[in-house]
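Welcome! Here is a short guided tour of one protein chain, written for someone meeting it for the first time. Please take a moment with the sequence and the structure before reading on.

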Amino acid sequence: MSDSAFLSLEKLTLAYGDTVAVKDLDLSIQKGELVAFLGPSGCGKTTTMRSIAGLLKPKSGRIRLEGADITHVSANKRSVGLVFQSYALFPHLTVFENVAFGLRLKGISGAELEVRVVSGLNSVGLTKFANRKPAELSGGQQQRVALARSMVMEPKVLLLDEPLSNLDARLRLEMRTELQRVQRDTGVTMIFVTHDQGEALSLADRIVVMLNGAIEQIGTPEDIYNSPASAFVADFVGFENIFPIENGRLRAGNGPIELAGPLPHDAAGLAWRPRMLTLGSGPFQGTVRGASFSGSAREYLLDTPFGTLKAEVDAALPAHCAGAALAFDLPIEKAAKLKRFN
Ligand SMILES: Nc1ncnc2c1ncn2[C@@H]1O[C@H](COP(=O)(O)OP(=O)(O)OP(=O)(O)O)[C@@H](O)[C@H]1O
Ligand SMILES: [Mg+2]
């Protein structure tokens, strides 16, 4: 692990009883970074967050914050805030008191308490709701209270477990912008969990893709989107046409695919987004099984000698009906080269 890391997880193994949920996880995060954990249900995102927050004792490995080993430091002494997947506000307390709760526990009162709570509410745009109870707020407003409640504690690291999951599309977008603004203004180091790859791509400085309690790939949104390291990541970020390379040949389910040029030596597979297929010309023949129109694009399911492929073209191009025969190509130069095939 790099010494300059602000937060580092070193060979972290986390378990519930005998069930290992996260194994040998290594991750280092810089100060002020906004990192997204992305991965399917059950892959260990919440578990990892809970251990960083001090709510789950690691089976083995270490957690360091600003160089100090905090593996065995209790949750309330870590300066790590966690906004839970279910944000659990106190229903009988007002918005103001919900946000003030942690500060009061720390012995802060009077004018300082007032100033910090008001500024916290202000930063999430809820000043005028200070006297309401949680039940009198929308889901999105409640999530913002939970965010303010964590932020007023001025944590060194803020962990957000699916903070936008309960919001409708419009509010989600608003809250995304809000999160980015808060992070820019305060410079707090943030890790957030999401199921939504669009959210991870648009918000994060770096994305950690997890699978089965381990990291599949760490990279910038551009890395993850353009250069997925494995078949799993490729599938997760929307490459629909994914094939392994075996014995120097690209393989479909029912046999080899003979591409025009040489395959890259160092790849375990190739993947194409629907947009990357050439449609209407090329050495291969397919039959349109289905077509769908999405406004700006047309998507085709093609029955081909290599199985069913998905292609997408600009909607301005002439449409093809089911049953139409179409030439196509899988251009090697456009394919993402997968380091691993899983
Ligand atoms: N309290 C618990 N006791 C036993 N096993 C648990 C417990 N909490 C989680 N697990 C298991 O640990 C694994 C990781 O769970 P975790 O909650 O970290 O997943 P997640 O990535 O956050 O998933 P989701 O996206 O559904 O929230 C899962 O297999 C889960 O069943
Ligand atoms: Mg979870």
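## The largest pocket

Let's start with some open space in this predicted model. The largest pocket has a volume of about 770 Å³. Its lining takes in 24 residues, and those nearest the centre are Val80, Gly81, Leu82, Gly102 and Met153. Three elements give two or more residues each to this lining: β6 (80–83), α2 (95–105) and α4 (139–151).

Which element gives the largest share of the lining of the largest pocket? That is β6, with four residues. Sorted by class, the lining of this pocket holds 15 nonpolar, five polar and four charged residues.

## A second pocket and a cavity

The second largest pocket holds about 290 Å³ of space. It is lined by 15 residues, and Ser119, Met151, Val152, Glu154 and Thr186 are the closest to its centre. Both α3 (110–123) and α5 (169–186) supply at least two residues of this lining. By class, the lining of the second largest pocket is made up of six nonpolar, five polar and four charged residues.

There is also enclosed space to look for. The count comes to one cavity of 30 Å³ or more, and the largest cavity has a volume of about 40 Å³. Around the largest cavity you will find Val83, Gln143, Leu147, Leu160, Pro163 and Met175. Of the residues in that lining, five are nonpolar, one is polar and none is charged.

## The chain as a whole

Now step back and look at the full chain. Its C-alpha atoms fill a box of roughly 75 × 45 × 35 Å along the principal axes, and its secondary structure comes to eight helices and 19 strands. Of the 342 residues in the chain, 51% are buried. Among contacts between residues at least 6 apart in sequence, 63% join residues at least 24 apart.

How is the protein chain divided? There are domain 1 (7–229) and domain 2 (233–338). The centres of domain 1 and domain 2, taken over C-alpha atoms, are separated by 39 Å. In the contact between them, domain 1 takes part with 12 residues and domain 2 with 10 residues.

## The nonpolar cores

In soluble globular proteins, nonpolar side chains tend to be buried together. Here, the largest nonpolar core has 76 residues, and the ones with the most contacts inside it are Phe243, Leu250, Ile257, Leu259, Trp272 and Leu330. This core draws at least three residues from each of domain 1 and domain 2. Apart from it lies another core, of 27 residues, including Val22, Leu27, Ile63 and Ile191.

Trp272 is a good residue to zoom in on. Leaving aside residues up to four places away in sequence, Trp272 touches Phe239, Glu240, Asn241, Phe243, Leu250, Leu259, Leu277, Leu330, Pro331, Ile332 and Ala335.

## A look at Ala88

Finally, find Ala88, which sits in the loop between β6 and α2. Is Ala88 buried or exposed? Ala88 counts as exposed because its relative accessibility is 52%, and the cut-off for exposed is over 50%. Ala88 and Leu279 are 191 residues apart in sequence, and 51 Å lie between their C-alpha atoms in space.

Note on methods:
Residues are numbered from 1 along each chain as its sequence is written. Chains are lettered from A and ligands numbered from 1 in the order in which they are written. This is a predicted model: local features need pLDDT of at least 70, side-chain atom pairs count only at pLDDT 80 or more; totals for chains, interfaces and linings use all residues. Side-chain values use heavy atoms; hydrogens and water are left out. A nonpolar core is a set of buried Ala, Val, Leu, Ile, Met, Phe, Trp, Tyr and Cys residues joined through side-chain atoms within 4.5 Å. Buried means under 20% relative accessible area, exposed over 50%, partly exposed in between (1.4 Å probe, protein chains only). Domain bounds come from an automatic or database domain assignment. Contact means heavy atoms within 4.5 Å. On a 1 Å grid over the protein atoms alone, a cavity is a set of points where a 1.4 Å probe fits but cannot get out, and a pocket is an open set with protein on both sides within 12 Å along at least five of seven lines; lining residues have an atom within 4 Å of a point. Grid points are joined across faces, edges and corners, and a volume is the space filled by probe spheres set on the points. Ala, Val, Leu, Ile, Met, Phe, Trp, Tyr, Cys and Pro count as nonpolar, Asp, Glu, Lys and Arg as charged, and the others, Gly among them, as polar.
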